[in-house]
Amino acid sequence: MKAARAGRRRLSRDERLAYMLLLPALGAVFVIVTIPFVLVIIQSISAEDGTLVGFRNYSRALANPLLYDAIRATGVYSLIVLPTEILLGLTFALLVHRTVRPQGLRAAIYVLAILPLVVPPVAIGVVGRLVYAPSYGVLNVILERIGFVHHEVNWLGDPTLAMLAVASVDIWQWTPFVYLVLFSGLQTVPRESVEAAQIDGADWWAQFRYIDLFYLRPLFLLIVFFRLADVLRVFDHVFILTGGGPGTTTQLLSLYMYRVEFKYFDSGQAAALAVLVLVSFSILYRLISRALPLERT
Amino acid sequence: MQRISRREFVKRTAFAGAMLTSIPALIEACTSGSNTTSKTTKLTIAAVQGAEDGPLKKVAPMYQSQTGITMEVVEFPYDQLFEKLVTTFQANGSSYDLCMMDDPWMPKFGTMGALQPLDSNFGFTRDSDIPSIVYDVGTWPPPHGPVPPSEQGKSKHLYGITIVGNVEMFMYRKDLASTAPASWNDVLANAQKFNKSNFYGYVIRGKATNPASSDSLPILWSFGGDIFDSSWKVVLDSTASIDAITFLTQTLKKYAEPGAENTDAADRDRLIAIGQAFQSTTWPAEVTGVVEAAGVSQVAGKMAYIPIPQGPGGKGLGMMGNWLLGIPKGSQNGQAAADFIKWLIKTENMKTYVQNGGIPTRTSLLNDPTLGQSNPYFPALAQSLAAQPNWRPRTDQWNAVETIYGTAVNQAVAGLKTPKDALTAAAEQIRTAMKQAGYPS
């Protein structure tokens, strides 16, 4: 007893203050994240009347063929938007970093890049519909006027084109985010390293490959993490543009889970889906962070 | 100025924070206490945002000036209203004294026991000037047709009073065709006759889920098809059902607008209003909001409105889409809310409501020639109501069924599946969903 008491060190005043300051934030996380998460787990193993049903909700969720349609749609959507946004964002960031020198112009580009990020997704969905809608969509009008097409293109009714249309809206909104992150990363590249490389005769590709990329690598991980989480939450513009159609072609996981919860009112299955998605993405995140380590090596 | 220690600073900040955060709770506690004890001073209505609640917002201030009761209309978009009401009812919340409900929601709310009975609690009785189907749609369990297994044997009560007497109808260009289409074969013949470049013979509202479902159900029924039979057996894959959806998504689609699989009501109204389409199904709100709206529509006065045309069996069945007012169980102002509903459906007040854009349920108002001048669809609506239109299956699983069925019709419109394959797969999904919900499918 005495030994235990002797082993227990009294917290210093600074440590106690630190814990007190942390307490509100930890309390908020507990209330906002931990409690709902525990409730979701309980709901996922319960029937509607509250009785425990084991893993029945999970087996029902996994047996539903619509889940695999939604996973396929989300996978295709991610494979379109993530590489495109990263490539475009990186290209813009390098272009501005290397060619635009006046600070005023850089600031203007910065403000322009922020604009799509602050527009509500619903508004973007509505604008997207004005662009792609059959018979009055701006895109078809332009393509027909310049003679590129002679018949109306069914952007939202053809399965492949519908997926590209909803993905394009995401790319428009989120490429600036990638640009801003990577551009800020490029600002941290030491000028001396670049100058030394230039003196050694390194061309632009070598500079990018051996210097810039070294500093940008952790940011790619950050971008992939953020964007993957966003892709899981994508809802508004898909709902407005296609409603998940044609058929279930663009019914992403978020839209599918919304329908299970709020259309089918199957809260057990919806909770099981939420837990499955959380676990799968935690594993995916772990794999990505191994492939793209945060530390610069 | 006296210096305070860091510990004292943290202590005081924490105390001040606790005081500030508890102020809203104290205020809430004081106000909720006063609600239960004093006379009602305010009624809060959860309403759907759009043409359906516009007239209600206009007449509510009249009630306020007559009674002194403040009327607050809280609006939500269609989907959010349903979700909001379900979560409020699950918590037995008292946020709303009245709620607007689309009629397919009644089975869900009825099964949940979420509403106060208007007949036994507040003395509502049927009025002979209002078609009986309008009262039936607000009654739970349903007075006719199949009753969900969990609701069988329960006593029937009136839980909702219709304030928007929507029934799906049919519209066509009367300036181009001299006679009204009596059957779907006539509709097809007109579609063929009038279809030309940039002018579509028929408009399909084929967007996935609710739009495709609403657009196709009257055709499904008129062809003798259905989703369930009278004992909840799924018959969506029957020959009659497949024939109906084949007619819509293949035969009629040849003369429909491009991108029909992505067309919703607003797109349909636009095509009709700019004079690029001949005919389609329609809802009253679309007529007053766009098609007959002066300054918006190029075809105002050129359209005719009729009940849904007949199918091969000689029957044309419209679909009800009534909006009802009900009183949530959690409301502490039930009597005052009931008084408002009674006031609203009085003939003279309903007339004012109609003059402000409302859709009446009283036969006398639907047949009133002065009101009919500005509402050319009133006679068709009166006929549709008198002909006993169908309601969507009275099951609390309707949202799931509609999502499955509406997706299948959309797949058929888009050509992703044949109507037979789409309906067969949908029937199987509906069987599984209904079985899990305790139905004998």
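## Domains of chain B

Domain bounds come from an automatic or database domain assignment. In this predicted model, such an assignment splits chain B into domain 1, made of residues 41–164 + 321–383, and domain 2, made of residues 169–319 + 392–436. A distance of 27 Å separates the C-alpha centres of domain 1 and domain 2 of chain B.

Where these two domains of chain B touch, domain 1 contributes 19 residues and domain 2 contributes 21 residues. On the side of domain 1 of chain B that touches domain 2, the elements giving two or more residues are helix H4 (106–112) and helix H16 (378–386) of chain B. That side of domain 1 consists of 11 nonpolar, six polar and two charged residues.

## Contact between chains A and B

Chain B places 23 residues in contact with 23 residues of chain A. At least two residues each on the chain B side come from helix H1 (6–37), helix H10 (265–273) and helix H17 (398–414) of chain B. Of the elements involved, H17(B) gives the most, with seven residues. By type, the side of chain B that touches chain A has eight nonpolar, eight polar and seven charged residues.

## Helix H4 of chain A

Helix H4 of chain A covers residues 65–99, which is 35 residues. At 1.5 Å a residue this helix should span 51 Å, and its end C-alpha atoms are 51 Å apart, so the two values agree.

The buried residues of H4(A) include A:Ala70, A:Tyr77, A:Leu82, A:Glu85 and A:Leu90. Among the elements covering the buried residues of H4(A) are helix H8 (159–186), helix H10 (204–233) and helix H12 (253–262) of chain A.

Technical notes. Residues numbered from 1 in each chain as written. Chains lettered and ligands numbered in written order. Predicted model: local features only at pLDDT ≥ 70, side-chain atom pairs only at ≥ 80, totals over all residues. Contact = placed C-beta atoms within 7 Å. Helix = DSSP H or I, 4+ residues; strand = E, 2+ residues; numbered from the N terminus. Nonpolar A, V, L, I, M, F, W, Y, C, P; charged D, E, K, R; others polar. Expected span 1.5 Å × (residues − 1). Buried ≥ 20, exposed ≤ 12 C-beta atoms within 10 Å, placed from the backbone.
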